[in-house]
Structures are given as C-alpha cells and as structure tokens.
Amino acid sequence: MQTFSARIATAQPTAEDIAGRRWIYVPYDRFTDRTGPLAEQGAQATGIVIVESTAKAMRRPYHRKKLVVLIANMRHFALEQAARGVAVLYHFSPKSHGQGLLELQRARGLPELVCMTPAERELRLDLATAIEHGLNMRFVADTTWLSTLDDFMAVYGPYRHGRSYVMDRFYRAMRQKTGILMHNAKPVGGQFSFDAENRLPYKGQVPVPIAPGFAPDEITREVIAMVDTVYADHFGTTESFDLPCTQADCDRMWQFALTRLLPHFGPFEDAMRDDEPQLFHSKTSALVNLGRLLPAALIGDVATAAGSGSIPMASAEGFIRQLLGWREFMRHVHQQTDGYRLLVDHVPQERPGPAQEASSSAYPDEEAYRGARPSALGASLPLPAAYWGVASGLRCVDTTVAQVIAEGWSHHIPRLMVLSNLATLCGFSPRELTDWFWFAYVDAFDWVVEPNVLGMSTYADGGLTATKPYVSGAAYINRMSNLCGRCQFDPKKSTGPGSCPFTALYWTFLERHEPVLGGMFRMQMPYQTLRRKSEAERTGLRQRAAEAIEHLQSFPRPEYKRG
C-alpha cells in the first residue's frame, strides 16, 4: 500500500478545496467520469470521496480475484481522477461504507455529498442508516443505466403478486424507445431476437483468438499482496491475475472483444468447452458492473459494427439483448421486489438451516442484510462440497468449479445449465446457491445475482421471471459441450453402472414436482415422455438419483467464513 498511499496523498484536499468544490461520493461499483455527477463540471471544481471498507469485504468470503479487481480499479480510478485535477479523499475504513463516510464527513467538515443512487440494495441500506445518524448526502439518478423506473412501469405497472415478468416484453419496449437495431419502427433483420440461431456447439469451426493479458502493475501488485494477507481465508485464488484495472486497459479489453470475439459470438454463445472456456464471450461483465465500461457505449459500438457488416446481426443482437434487455430487466425486478423480500407471503420460503441460524444469532446487527429465501419447489438441501472444489466425479461440474476457483468467472451456460441445473435437480438450497454465486463470481452483485439465481436459475420465485424451470438431463450438456467425452459417466445411460446422474435427476425432478409443473404449457413434452415410462424404469431412475445426491452430500464442505 506504500506506493498507492504516497501517490494519492498528493491529491488530498486543502481546507479551501473542501469549502469550494462540489463533493461526490463514488460507490465501489461506479468508477466512471464519463457520465453522472463527475461529468457535470470541471476537475478543478470537483472533489470525490472513496471508501475502501474492510467490513464490506469481510461480509462474505468474496473470491480473492473479485476483491483484487474491485479494489485495484478503485485505487487506479482515484489516481486517474487525481491526475486530471480532482481532489481525492481516499479513506480506509474497518467499518461499513456508511459508517466510514459519516466519520470522515464529521472529521473533515465535508459539505453535502452527492452520490448516484447505488445499484446494490445492500449499499443503499448502509447509506440510509448512516443518513439517519447524520450523514449529509443527496442521491441523484444513476445515468449508467439505460432505462428508468418509468420505462419498467410502462411495461408491467407496479409490482403485485401473480404478475408475470417476462423479459421479452421489456426488451422489445426498450428497443422501440431507444431505436437500437430498429428501422422505421421495425427491428432490423425482421425480428427482435435471433436467439434460435445462437445454439451451435463449438467444434473448432473458427479459431478462438488469444485474449490479451493485463499484467498487474505496482499498484495492483500491492492489492494482490494485501488481499492474500487480509482475506487469506476467502474463496478462490489470486494466482495469474490478469484482469484490467486501469481505464486504458479496460478500454483495450473492450476493443479486443468488439473486433475479435463478437463477430463469432452469436452462434456459439451457448457452447461449452473445457479447452476454450471463454470462447467468444467478451468477459466484460465485471467491468460493466463496476462502471468502467458503460453499456450505452458498448451497445453503440456493437450497433455500429452491425450496421457496417463487421458483426453479424445474430451476434450483435444477442450481445445487445444481454445489456439492454436482461441486465436492465433484472435490476428493476430486484428493486421492485425489494430483493425478493416481497414474495414472502406468496411464495413458500426456505427455512434457514442450523448454520444460518447460528450466523444470525452471532451477527444480530446483520439481520437486515440477510437475503430473501423463496423456495417455490421446497428445495433446502445444503449446497455440497463440490461447489468448493471437492471432486464430485461429474466432469462438467468439476471442470466448471475449477474454472470459477481459478478465475471467478464462467460464461452464462455453465452457470445456468451445469451449476444451477445440478442444484435445482437435486433440491439444493436456492439461498445457499445464490450466496455462493455472489461471493464466487467477480461480476456478482445483489441486484444481478439474486433475481438470476432465485428466479431464472432455480425457479425458487415460483415463476416470477421464468415461464418454466431451466433444467435438463445429460443430453443437453453432451450436445453443447465436449465435457462428457472424458467423463466416467455415460450421458447416454440413465441408470445402472456408469450412467450419468443428470438424466436420472432430471426425470425424478419432474416426477417429484408434477403437481406444480405438470400443467405448464412449455413442460408438456417432457411430461408426456415421463408418463410413458414404466414403473420399473421410474424406480431405477429414483434409485440412481438418490445415489447421486447421497454421494454429493457425503463430503464435508467448508462453511461460509466471516471476518
């Protein structure tokens, strides 16, 4: 920390600075001066406050690379602002962000702080508590988002139980409002979504370009050393860290994705490979969620490239749908349901296990931060040790978890159709799975991880955001990946020695939940197949599924670690 501390000290404000500048609090996920309060006046009239909070980092065993990419970007952003003449108060606090700000404002006599409304509910709650105790802060609109609450309300109206939040309606409305990929009020290419064209397995049709690396500089190396010391018990590793931590490197990573990856993104966006885990995914989600890359700029670049023909329409639309559609949609759903807490009287809730009860009694002040626990399908089994890297024997699971431990990242299909699929089929706790994704992935924040996992991935919300559970047997994984080829289990066998448990788990999941799922239109074909199976076959499937769950739960798992 010596190098960073020495460099940032030169940007410390004088008493004249404190009195004469507009002071802005920069949350830990909004490192941008390209929009918002920081873009509204010159550097010489601006001061920023940044809090590096140990308490926040200790709340969960966040992946060490997640902490490095966040803190290193935070420190680099502070230095970048200082270099252009902004006064910088960089505050190290063992307490929460809100507590740290309150103490700093009182100690330095800071005037009113302006802050873009935080994306995370958790930070909004923390700051609201500090405001109740005297923090002088005013919130303004977060202009990094592409949509407003009014946009969401125009499509769905106010939240009420029983309303179906299907993303496609919102996405079409946003395309029409923004004019992105539209011509004469009609979608370019004749359709809003090209998803049906983007489902090919990857078999080397085009070479995957070698991604650039971003070697840690001295500032980032200091962060790595600090994380390995202070957060040594956290999930994952910092080894081979090479994520961008400066604005210049973040921009360079995007230009590589735009020119080298996205032209081939669409057809293979759902494919999985153990030898090419990134394939043509941009891997920019963490940088977007930190504010380093702005969705509007990325969408503009992709739309321009599609217009010139350098990115095919199916690839461009698939990427834009993730930003303009799914990302915006999920944060509105999270806000409208208060992080799914409003479902408590309408959707069956998972009871906290002994570990969660003990945690609650040990940290009573954290009660307000405990996540919602919807479990529409009654899932509650503890998440098994396989998610912490204990070998399960399932090559798809073990390969994906190993990648997450090493990188803090995998693309959306391993998240959905391997890790979440297994948890849903087995009946593992949706809340524990959500918390695992939250600390294990570098791009996870409450507004994105909770609706994605409690909603789409596990159907724990009872269909609020998905028209059916996203589950499958071994056939899907075998078709879309090369992960089954060297696995000890045969994806074409559902029972008996060497059979892949995913298939037995799939059929017994459907059987177990037929009273809830059997009447769904999109589930009719698999239920027709299930009903044709003999009782002897069903018995064999139940036995194989039970063996698989028992095996997964037979290994002791690490507990969540707290500071």
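This short talk walks through a five-stranded sheet, two helix pairs and two loop residues of a predicted model.

Before the details, a word on conventions: the model is predicted, so that local features need pLDDT of at least 70 and side-chain atom pairs count only at pLDDT 80 or more, while totals for chains, interfaces and linings use all residues. Residues are numbered from 1 along each chain as its sequence is written, and side-chain values use heavy atoms, with hydrogens and water left out.

Let me start with the sheet. Helices (H or I, at least four residues) and strands (E, at least two) are DSSP runs numbered from the N terminus, and two strands pair if DSSP finds at least two bridges between them. On that basis there is an open sheet of five strands, in the order β3-β2-β1-β4-β5, and the pairing is parallel. Because β3 (87-93) and β5 (137-140) stand at the edges with a single partner strand each, one side of each is left without a neighbour in the sheet. From one strand to the next the twist averages 30 degrees.

Turning to β4, strand β1 (residues 22-25) is joined to β4 (residues 113-116) by two bridges, and the two run parallel; the bridge partner of W23 in β4 is L113. With β5, β4 shares four bridges, again in a parallel arrangement, and C115 stands opposite F139 in β5. Between these two strands the chain passes through α6, and this β-α-β crossover is right-handed, meaning that, with the strands pointing away from the viewer, the path from the first strand over the helix to the second runs clockwise.

What covers the faces of β4, and are its residues buried or exposed? Both faces are covered, with L113 and C115 on one side, V114 and M116 on the other, and all four buried, where buried is under 20% relative accessible area, exposed is over 50% and partly exposed lies in between, using a 1.4 Å probe and protein chains only. In general, side chains in a regular strand alternate between the two faces of the sheet.

Two helices lie on this sheet. Helix α4 (residues 64-83) lies across β2 (46-53) and β3, at about 160 degrees to β2, whereas helix α6 (residues 121-132) lies across β1 and β5, at about 145 degrees to β5. Axes here are lines fitted to C-alpha atoms, for helices over the stretch in contact, and angles run from 0 to 180 degrees between N-to-C directions; contact itself means heavy atoms within 4.5 Å.

Next, a helix pair away from those strands' description: α7 (residues 149-156) and α13 (residues 313-336) pack at about 85 degrees with their axes 11 Å apart, and are therefore roughly perpendicular to each other, the class for 65 to 115 degrees. L149, F152, M153 and Y156 in α7 meet F329, H332, V333, Q335 and Q336 in α13.

For α20 (residues 501-512) and α22 (residues 524-531), the axes come within 10 Å and cross at roughly 100 degrees, so this pair is roughly perpendicular as well. Y506, W507, L510 and E511 in α20 meet P526, Y527, T529 and L530 in α22.

I will finish with two loop residues. A185, not a glycine, has a positive phi of about 65 degrees; A185 sits in the loop between β6 (182-183) and β7 (186-187) and counts as exposed at 67% relative accessibility. Y340, also other than glycine, has a positive phi near 75 degrees; Y340 is in the loop between α13 and α14 (354-362) and is buried, with a relative accessible area of 0%.

Note on methods
Parallel < 35°, antiparallel > 145°, perpendicular 65-115°, else oblique.
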